Structures are given as structure tokens and as C-alpha cells.
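Dear colleague,

I am handing over the structure we spoke about, and my notes on it follow directly below the entry. Please read them alongside the coordinates and tell me where you would put things differently.

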Amino acid sequence: MNPSPMQERLTGLLRDHFEVDPGALRPEASLQDLGMDSLGLVELLVILEEEDGVELLEQPAGLTAETTLAEAVRILEEHAGAGKRQGEGAVVRETLSPSVVSPPVVSPPVVSPPVVSPSAGGGAGERTGTGAGVGSAAEGVVS
């Protein structure tokens, strides 16, 4: 019987990442027999989430260091299959490298400089604030 993709991935991770002897990777061997403790199991699950996109919101029920390799494969396949059956509502995450993620750019506020009239004594273009169309009598503008 051919191994499932999950079985191949799990045994590959145990062999390559956790340096488990390939001869020890038997279906009846417990994860603990393979040198996995609870911390190693959490690390294994994190790798499956980040690298393989297996959505594990929490540790699957029944998956402990005492779980056999065959049981672990079955539990992970069922858990991954449950996420696929949820269909379009399932969350798909994309892993971004640190070089792709950048902090938001914050622009400084735009401040306009104050408007200064050319003459301080009430030149021709200056408004006095007393109303539109009101000018000085010296300019010959009467409203």
C-alpha cells in the first residue's frame, strides 16, 4: 500500500527536521518512542501550519506524544480534511517573507504657510475683515 501524502510529509519532517532514524519510523512507534516530547509536537504542528498550510487553530484532539505514527497520520489527515470540507469559508493563509512585509508609511500632516500681505498698512489687496466690497476711502472704493 502506498503511503499517503500526509504520511510522507510527517515521516519526512521527523527524519529531516527532527533527525529521527528512518528505520525507527514504523506505524506502531509512538511519537515519544521517536524522541518527540510535547514541545517537539508543538514545533511539528507549527511547521505543518506554516509550510504546508494545514490550518490548526489548536492541537487536534488525541494527538499526544503517546500517539503512534499511524494514529498521528490519521488524526492530521482528518483534521486537514475537515478544513477542506468547510469549503469557501475556510481560512487560507499565505506566508510572507520578512522582506515582503514592510511597516505602513505615515505621511506628515500638510501645513500651509500663513498668508502675509505685502504691506502692513492696508495695501490695495488687503481685506480688513469688515465685509466684502468694503475698502478704504483712500482707494476710492465706496460701497
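Glu78 counts as partly exposed, at 45% relative accessibility, and the side chain of Glu78 meets that of Arg74 in a salt bridge with an N to O distance of 3.3 Å. Arg74 is likewise partly exposed, with a relative accessible area of 41%. The two residues are four apart in helix α3, so that about one helical turn separates Glu78 from Arg74. Elsewhere, salt bridges that share partners join Arg9, Glu51 and Asp52 into one network. Please keep in mind throughout that this is a predicted model.

The count of salt bridges comes to five. One of them is formed by the side chains of Arg9 and Glu51, at 2.8 Å from N to O, and this pair links distant parts of the chain, since Arg9 belongs to helix α1 and Glu51 to helix α2, with their positions 42 residues apart in sequence. Arg9 is partly exposed, having a relative accessible area of 26%, whereas Glu51 counts as exposed at 59% relative accessibility. A further salt bridge brings together the side chains of Arg26 and Glu28, at 3.0 Å from N to O; here Arg26 is partly exposed at 40% relative accessibility, while Glu28, at 52%, counts as exposed. As background to these pairs, side chains of opposite charge can pair when their charged atoms come close.

Turning to the overall architecture, the protein chain has three helices and zero strands, and from the N terminus on its elements run α-α-α. The 12 residues of α1 should span 16 Å at 1.5 Å a residue, and the end C-alpha atoms of α1 are indeed 16 Å apart, which agrees. Helix α2 has 15 residues and reaches 21 Å from its first C-alpha to its last, close to the 21 Å expected. Directly after α2 comes Gly53, whose phi is positive, near 75°.

The two helices also contribute buried positions. In α1, the buried residues are Met6, Leu10, Thr11, Gly12, Leu13 and Leu14, and in α2 they are Gly40, Leu41, Leu44, Leu45, Ile47, Leu48 and Glu49. The largest nonpolar core has 24 residues, and those with the most contacts inside it are Leu10, Leu14, Leu31 and Leu63. The elements that give two or more residues to this core are α1, α2 and α3. Leu31 deserves a separate look: leaving aside residues up to four places away in sequence, Leu31 touches Leu14, Met36, Leu41, Leu63, Thr64, Ala65, Thr67, Leu69 and Ala72.

One of those partners, Thr67, is placed in the loop between α2 (38-52) and α3 (69-85). Is Thr67 buried or exposed? Thr67 is buried, because its relative accessible area is 3%, which falls under the 20% cut-off for that class. A polar atom of the Thr67 side chain lies 2.8 Å from the backbone oxygen of Gly62. With residues up to four places away in sequence again left out, Thr67 touches Ala29, Ser30, Leu31, Gly62, Ala72 and Ile75.

Another loop residue that you may wish to inspect is Glu19, which lies between α1 (5-16) and α2. The phi of Glu19 is near 55°, a positive value in a residue other than glycine. Most residues other than glycine have a negative phi. Glu19 is exposed, with a relative accessible area of 69%.

Finally, some totals for the chain as a whole. Of the 143 residues of the protein chain, 24% count as buried. Among contacts between residues at least 6 apart in sequence, 55% join residues at least 24 apart. The protein chain exposes about 10600 Å², and carbon and sulfur atoms supply 56% of that area.

With best wishes

Technical notes. Residues are numbered from 1 along each chain as its sequence is written. This is a predicted model: local features need pLDDT of at least 70, side-chain atom pairs count only at pLDDT 80 or more; totals for chains, interfaces and linings use all residues. Side-chain values use heavy atoms; hydrogens and water are left out. Buried means under 20% relative accessible area, exposed over 50%, partly exposed in between (1.4 Å probe, protein chains only). A polar contact is a pair of N or O atoms within 3.5 Å; within protein, one must be able to donate a hydrogen and the other to accept it, and residues adjacent in sequence count only if both atoms are side-chain atoms. Contact means heavy atoms within 4.5 Å. The expected span of a helix is 1.5 Å times one less than its number of residues. A salt bridge is a side-chain nitrogen of Lys or Arg within 4 Å of a carboxyl oxygen of Asp or Glu. A nonpolar core is a set of buried Ala, Val, Leu, Ile, Met, Phe, Trp, Tyr and Cys residues joined through side-chain atoms within 4.5 Å. Accessible areas come from the Shrake-Rupley method with a 1.4 Å probe; for residues, only the protein chains shown count as cover.
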